[in-house]
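Welcome! Take a moment to look over the sequence and the model, and then let us walk through them together.

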Amino acid sequence: SVSSFYGSLDEDKCVVDGAFVYPWKSVWVPSTPSKVAFFVWTTSLGRILTIDNLIHSGYIFVNCCLCGRALKSVDHLLIHCPVSSRLWMLVVAIFRLVWVQLGLVFAVLQSWVGGRVGKRRRKAWILALHCLLWLIWLERNRRVFQGVAHSISWLERRLLTVLYSWV
């Protein structure tokens, strides 16, 4: 029903004060590989399998696989973890911007389209968000499932290489 659909949008943080505010321009970007866009979409809804989501399913974990410190949530893994944070600062530095880290991935997606980067660099700016989130997720999976951990300098080089190939 319409009522249940509206309720599910409200639960997924898509409706604020009665207005539909889902950041679709930050999620569905034409030049992004479809599996990456789908990943960003599920991330925006908080549905990727991070420790906090696995705990709700009955699994028990303690530390973040990237930094080994705090309990990992979607927002910690993709924004606040020291490894992720350093990659965010690289992206922001490339575009010569100053960025205040937001608390939620959803808030980052909402604010990213409005970045003041100019028309010529806008496509690269939007793709950088997707590239960064995807690279962090792939590194998390490598560490968890393969036991392979790359250095931060390798991740920075990889980020620049993938972003360049996408643009």
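A salt bridge is a side-chain nitrogen of Lys or Arg within 4 Å of a carboxyl oxygen of Asp or Glu. Please keep in mind that this is a predicted model. By that rule, the count of salt bridges comes to three.

Let us begin in helix α8. Here Glu139, Arg142 and Arg143 are linked in a network of salt bridges. Glu139 pairs with Arg142, their closest N and O atoms lying 2.7 Å apart, and Arg143 forms a salt bridge with Glu139, again with 2.7 Å between the closest N and O atoms. Along the chain, Glu139 and Arg142 are three residues apart, about one turn of helix α8, while Arg143 and Glu139 are four residues apart, also about one turn. An α-helix has 3.6 residues a turn, so residues three or four places apart point the same way.

Are these charged residues buried or exposed? Glu139 has a relative accessibility of 1%, so it counts as buried, the cut-off being under 20%. Arg142 counts as buried because its relative accessibility is 17%. Arg143 is buried, too.

Now turn to the salt bridge between the side chains of Arg86 and Glu156, with 2.9 Å from N to O. Arg86 lies in helix α6 and Glu156 in helix α9, so this pair ties together parts that are 70 residues apart in sequence. Glu156 counts as buried, with a relative accessible area of 17%, whereas Arg86, at 42%, counts as partly exposed. Leaving aside residues up to four places away in sequence, Glu156 touches Arg86, Leu87 and Leu90.

Leu87 and Leu90 bring us to another residue, Leu159. With the same sequence neighbours set aside, Leu159 touches Leu87, Leu90, Val91, Cys131, Leu132 and Leu135. Leu159 is also one of the residues that touch the most other members of the largest nonpolar core, together with Leu78, Trp88, Trp112 and Ile136. That core holds 45 residues. Which elements give two or more residues to this core? They are α3 (34-44), α5 (74-80), α6 (82-94), α7 (105-112), α8 (122-146) and α9 (152-166). The largest share, 13 residues, comes from α8.

Finally, have a look at α3. Its buried residues are Val36, Ala37, Phe39, Val40, Thr42, Thr43 and Ser44. Just after α3, Gly46 takes a positive phi of about 70°.

Technical notes: Residues numbered from 1 in each chain as written. Predicted model: local features only at pLDDT ≥ 70, side-chain atom pairs only at ≥ 80, totals over all residues. Heavy atoms only, no water. Core = buried A, V, L, I, M, F, W, Y, C linked by side-chain atoms within 4.5 Å. Buried < 20%, exposed > 50% of the residue type's maximum accessible area, 1.4 Å probe, protein only. Contact = heavy atoms within 4.5 Å.
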